Amino acid sequence: METRSVSPVFVGRGAELSALRDALDRAAGGEPQALVVGGEAGVGKTRLVEEFAAAAVRGGAVVTVGGCVEIGADGLPFAPFSAALRGLRRSLPEPFAAAVAGQEAELARLLPELGDTPGGRHDEEGMARLFELTVRVLERIAADHTVVLALEDLHWADASTRHLLAYLLRTLSAGRLVVVGTYRSDDVHRRHPLRPLLAEVDRMRSVHRLDLDRFTCAEVRRQMAGILAAEPEQSLVDAIYERSDGNAFFVEELAVAREQGCCTGLTDTLRDLLLVRVEALPEHAQNVARMVAEGGSTVEYELLAAVSRLAEDDLIEALRAAVGANILLATPDGDGYRFRHSLVREAVSDDLLPGERSRINRRYAESLEADPALARADESVTRLASYWYHAHEPAKALPAVLLAAAEARDRHAYAEQLRLLERAIELWDVTPAEARAGLEHLDSAGDFCGCDPETTPLGVLDLMADAVTAGRYCGERETAAKISRRALRILDERPDPLRAAWFWSQRSLLVSSLGRGDGWDEISRAQELVRGLPPSKVHADVLVKAASWSMVHNPGPEALAAAERALEYARMVRAEELELHARLTYGGLLADAGDVEAGLAELFAVRDKVLAEGRAELLSRSHVNLPSTLESVGRSAEAVTVAREGIELSRRYGLLDTEAWIWGNLAESLYSLGRWDEAGDAALQAQRRARTDRTRDGTSYRLAMLAVSRGDIAEAVSRRAVSLRYYRGVDDQPQLRIPMAVLSLLIAAGEGRVPDARAVLGTAVEEGFPPGMHRYAWPLLLEAAVVEAASRGLPTADQGRAETVELIRSASRGLAARVPVWAAYDRWVRAELLRAEGRDTEAHWAEAAAAFAPLDRPYELARVRFRWAEAVLLGGGGDDGGRERAADLLRCAHAAAERLGARPLVEALALLAQRARLPLAPADGPRELPAAPADPARELGLTSRERDVLSLVAAGRSNRQIAEALFISPKTASVHVSNILAKLGVSGRGEAAALAHRLHLVPLDATATATATATATATA
């Protein structure tokens, strides 16, 4: 941001500068902003950001800048964020110290000046924890200060920087912060790693894209006038505009070259244009420029002095010449030098001869190896690895690359660790054996197979193992899968069962996450390989993974036995983390098997250990599995408490995806408790925090269930389509498959598609309900029974009802009802099946209501009370006592349904109350029923009840069916039909139906209306 432009005049860019200033104004009001500025090299991105930054500083904002650094093929992990945080620490020392207080060790991964990087474990959540803490620091500082965070040259950004920037843009929600990123659009080809981030940015409404065009001829004229301090001749403007094509940097180079009398000697190639002023320097200054070009984006003065091997006076003279020619610039901190424009640096670097490039890199490596303090502490290791690699010295490069990979891992820069490990694998075979033998173990290499890292020599399989793990952690699972395949081919030639088992167990995770299988074949191979081997952590890990797989895919006695075996083995090899994972699996399966208290005790014990010891690595299971198990046995209030505890812990440790899963579980329990608005908010929170499509898509199921319960079928269908992207994978899990069947059945019922609802049920029953799946199976059977009962009497649905009822009844016999909530569902299903057969009584519904009353399930209780009231009225409860009882039931159910926003249930209750002539208002506050709308039937003298009867006549109902629908006797129905025929002046029911349609006395499709009336209560 301290770049000196040749032109002192800022030309054009009015719209872009206005957009940046508007963003600054909005940020100053507490609304964080993000902008991404793209344009070809030399078009003026940096100059635009400079002008904006200067204006922001004048307005009282704090500007901090970080540039992405190109070092060979690697890049420095988090380089722009490290530089930006360093700038904030320098500008706002006290607010910065307050913002990082208590998290200095973790944030040292980004800013080593904060202290020593902590050791500890590495996992897929490690990077997320670091990202969350970084965003919190920025939000805290920006709470009291307007901050502009400029990140330049994103086309060179390392993968970790791209991930952190994407996280920042997705999650930033508070603070007076403006994030501005720049990138070269002409460098971002179709396969460039920045393209996915740009595509994600395009989908974010909170991020604005600015694309800079080249200058017009008039703007070039203004730019040249600033450069030349005089109005140029139009012929010169036209010539330079034609050759530069409006590129601001090329205009500067051409104009300066013309002033120096070189214009006529220029060739038409871009490289020659960029090199012309470099080649005009004295020879020793050209040599220094070449060294700076190969040293990286910025080279420290002391390091340059060591590499150049010039006397200090000669070096300063060379640098003065390069700076005076406006080719090099001193860095803002005065510690080093860089090229004024990266295009010139690239041109100079490309002009080096192969041997010359190797020699310069060797000098850098030798100087930095002799004195690591010559480079910034957080860069020296990575730069040394790059210098030795490009010096083509494998014996030196391999250990340096491995050291850089270990440092990248310690900084949670797993993508950079992976790249470096791939480079190490490449170097392995070309490195002399004696050089390889002297290498120290990586922290995790060798340990993966249970070997002693002190006695086992480092091998290429160890590097591959670390690369596979790094690939999993950073999300590059495709690369990890390829490396694991290569490792297993090596192990086919050189058998090593333990190592092979480890790679197969890793492949099970990769295959599942890539959607190419459920992972069981890979786990089976691993189990075969460890069978009969001495105890080891790999053996225990394989058994724990097998038990966990069985819990999710095939729960039951075999899964429980596998969990017991895994727990025993983990204890045998004293692998505490594996033991705790095994206990979580065992506890969940124990509860599913019926020993609820023992299973929950196991889960609570692990939860307590996580809380006491702050074990973040177990949080993703302890506070996901426990609330889920509590919900499965109807203890929803406890599930909510544990889930909220898990959310707080997830935030503390920065476990965003874990937090998303917990929000999803919380949404389910809040839904059960009738706190639907909170449930919807929780589901949306889960989607906002999800790091993967799997988590986001899975959460859509919660929102779909809420939508269908509230009668918004279209919304439910849309949400279901999103969920299916996740649930329709090759990884078939009953805990995913059965809930989706419930949702599909409810949607079919809501749309009046009885055959489709039956098909969903048939498929689900055929696929089976494993132990522990009663939490989903009971609602599925219940909703299927409701469909059959609600469609009773519809000619299109009568055929096949008996078989479906028997299928539901048979399936329910095989389901456990050990806990109160499932016992209540059992009674409700029986009552609905009897209703489908016309044999339900008030007693059946009273029993079901009594079962639900103490369970804190307001929606279920309201639905059961609705049917109880209906049974009272149908069962001869027409006396005052029966009607009063029915009225009380309807009022309670209606109040609950209105509070929930369950529109289908509200409408069904209102319809029943209207037909039974019962008020829904309480006795101490009567409420008038809404007046009937104007109706042409009144002109013919038809009463409201006769209009109801006429609608059913038009639908083809018999007198008995009319009586059932309107809660009247068949004789009364016959009288109403006779009166209608007389008032309409027709001789039969067919003529009455035709006249009713012609005069619009009933809906155009009375049959559809009758069907809709029945199915509208299918979810009630």
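These notebook entries record what I looked up in the predicted model above.

**Entry 1. Ground rules**

I note that the model is predicted, that local features need pLDDT of at least 70 and side-chain atom pairs pLDDT 80 or more, and that totals for chains, interfaces and linings use all residues. Residues are numbered from 1 along each chain as its sequence is written, and side-chain values use heavy atoms, with hydrogens and water left out.

**Entry 2. Aromatic rings**

I began with the rings. A pair of aromatic rings is described by the distance of the centres and the angle of the planes. I used this rule: rings of Phe, Tyr and Trp (its six-membered ring) pair if their centres lie within 6.5 Å, and planes under 30 degrees apart count as stacked, over 60 as edge-to-face and the rest as tilted. The search of the whole structure gave 12 aromatic pairs. One of them joins W502 and F503 edge-to-face, with 5.0 Å centre to centre and 90 degrees between the planes. I then asked whether W502 and F503 are buried or exposed. Both are buried, where buried means under 20% relative accessible area, exposed over 50% and partly exposed in between (1.4 Å probe, protein chains only).

I also recorded one aromatic cluster, formed by W822, Y825, W828 and F852. Elsewhere, R423 lies over the face of Y389, 3.6 Å from the ring centre. For such a contact, NZ of Lys or CZ of Arg must be within 6 Å of the ring centre and within 35 degrees of the ring normal.

**Entry 3. Salt bridges**

Side chains of opposite charge can pair when their charged atoms come close. I counted a salt bridge where a side-chain nitrogen of Lys or Arg is within 4 Å of a carboxyl oxygen of Asp or Glu. The structure holds 56 salt bridges.

I looked up R775 and E668, whose side chains meet at 3.2 Å, N to O. The two residues are 107 residues apart and link distant parts of the chain: R775 is in helix α38 (residues 774–790) and E668 in helix α32 (residues 656–672). Helices (H or I, at least four residues) and strands (E, at least two) are DSSP runs, numbered from the N terminus. Both R775 and E668 are buried.

Next I took R710 and D677, with their closest N and O atoms 2.8 Å apart. This pair also links distant parts of the chain, 33 residues apart, with R710 in the loop between α34 (693–709) and α35 (713–727) and D677 in helix α33 (residues 676–689). R710 is partly exposed at 24% relative accessible area, and D677 is exposed at 52%.

Finally, E613 and R615 form a salt bridge of 3.0 Å, N to O. E613 is partly exposed, at 43%, whereas R615 is buried, at 12%. A network of salt bridges links these two residues with E576 and K609.

**Entry 4. Strands**

Strands of a sheet pair through backbone hydrogen bonds, either parallel or antiparallel. Two strands pair if DSSP finds at least two bridges between them. I found that β2 and strand β3 (residues 147–152) pair in the parallel sense over six bridges. Within β3, L149 is the bridge partner of T64.

Which residues of β2 lie on its covered face? In this strand (residues 62–67), V62, T64 and G66 form the covered face, and V63, V65 and G67 the uncovered one. In a regular strand the side chains alternate between the two faces of the sheet.

I then followed an open sheet of three antiparallel strands in the order β6-β8-β7. Its edge strands, β6 (299–300) and β7 (328–330), each pair on one side only. β7 and strand β8 (residues 336–339) pair over three bridges, and Y337 in β8 is the bridge partner of A330.

**Entry 5. Two helices**

The expected span of a helix is 1.5 Å times one less than its number of residues. For the 13 residues of α13 (residues 283–295) this gives 18 Å, and the end C-alpha atoms are 19 Å apart, which agrees. Why is α13 described as largely enclosed by the rest of the structure? It is so described because 10 of its 13 residues are buried, among them A285, V288 and M291. Just after α13, G296 takes a positive phi of about 125 degrees.

For the 17 residues of α26 (residues 537–553) the expected span is 24 Å, and the end C-alpha atoms are 24 Å apart, which agrees. Of these residues, 15 are buried, so α26 is largely enclosed by the rest of the structure.
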